Amino acid sequence: MTATNGTPAAGDASGTSARREASTADTVAAVVRQWRAVHPELDTGPMEVIGRINRCAALLQQAEDAPLRRAGLSRPEFDLLGALRRTGHELTPGELARETFSSGAAVTKRIKQLTERGLVERRGDTRDRRVAHVRLTDAGRDLVDGVLPEQLAYETAVLSVLAPTGRDDLAGLLAELLSRLEGRMGALRAGG
């Protein structure tokens, strides 16, 4: 039994078998089989998760986010503009680096490019000349607000290959992994 979109219906046992079939047909499955042949004594299970996350990320980056491309934005530029829009206030380049998981040098370069395009403005701090504050211009805010619905529709289409419950399950598992990794990496950086 399948749902109207051709995916297995919730609670359908064939959904599990369909996932198993898919997990043996992707490129990572071939890599895992090859490693198992070379080193049958090793547990290649982590490759099945991390390899697939990395492969999905690479494929999504190659797609280049069509709505963003049409707007003349890269994903990192949109992330920076989005950070300014969603927080609703000025941010320093350091805060933008943390918000967008980027290096300070990359943020500085993006701020320069977006300033030249009239999408953000920079102003110096009155108390500390080494500190800058960045804010969206009206044109930047309008661009983000115009592109966001299109970008979300595009991302929905990309994820439409998954049943809604599968998408929710995947989001939950990725959230758990991310939360634990962020906590662990933070502890490692702190010397813990």
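**Entry 1. Backbone outliers**

I began directly after helix α3, where Asp-65 adopts a positive phi of about 50 degrees. The model I am reading is a predicted one. I then looked up Phe-101, which also has a positive phi, about 55 degrees, although it is not a glycine. I located Phe-101 in the loop that runs between α6 and α7, the latter spanning 104-116. Is Phe-101 buried or exposed? I noted a relative accessible area of 72%; because exposed means over 50%, Phe-101 is exposed.

**Entry 2. Helix α3**

I returned to α3 and checked its length. The helix comprises 19 residues and spans 28 Å between its first C-alpha and its last. I compared this with the 27 Å expected at 1.5 Å a residue and recorded the two as close.

**Entry 3. Thr-44**

Next I examined Thr-44, which I placed in the loop between α2 (27-38) and α3 (45-63). Its relative accessible area is 6%. Since buried means under 20%, I entered Thr-44 as buried. Which residues does Thr-44 touch, if those up to four places away in sequence are not counted? I listed Val-32, Trp-35 and Arg-36. With Arg-36 there is also a polar contact, side chain to side chain, at 2.9 Å.

**Entry 4. Packing of α5 against α6**

I then turned to the pair formed by α5 (residues 75-87) and α6 (residues 93-100). Their packing angle is about 105 degrees, and their axes lie 10 Å apart. The range for roughly perpendicular is 65 to 115 degrees, so I described α5 as roughly perpendicular to α6. From α5, I recorded Asp-79, Leu-80, Ala-83, Leu-84, Arg-86 and Thr-87 in the contact. From α6, the contributors are Leu-96, Glu-99 and Thr-100. Sorted by class, this contact holds four nonpolar, two polar and three charged residues. As a reminder on helix geometry, I wrote that an α-helix has 3.6 residues a turn, so residues three or four places apart point the same way.

**Entry 5. The chain as a whole**

Finally, I surveyed the complete chain. I noted nine helices and two strands. Where do the strands fall in the order of elements? Reading along the sequence, I obtained the pattern α-α-α-α-α-α-α-β-β-α-α. Of the 192 residues in the chain, 23% are buried, and Thr-44 is one of the buried residues. I closed with the contacts at a separation of 6 or more: 46% of them join residues 24 or more positions apart.

Technical notes: Residues numbered from 1 in each chain as written. Predicted model: local features only at pLDDT ≥ 70, side-chain atom pairs only at ≥ 80, totals over all residues. Heavy atoms only, no water. Axes fitted to C-alpha atoms, helices over the stretch in contact; angles between N-to-C directions. Helix = DSSP H or I, 4+ residues; strand = E, 2+ residues; numbered from the N terminus. Parallel < 35°, antiparallel > 145°, perpendicular 65-115°, else oblique. Contact = heavy atoms within 4.5 Å. Nonpolar A, V, L, I, M, F, W, Y, C, P; charged D, E, K, R; others polar. Buried < 20%, exposed > 50% of the residue type's maximum accessible area, 1.4 Å probe, protein only. Polar contact = N/O pair within 3.5 Å; in protein donor to acceptor, adjacent residues only side chain to side chain. Expected span 1.5 Å × (residues − 1).
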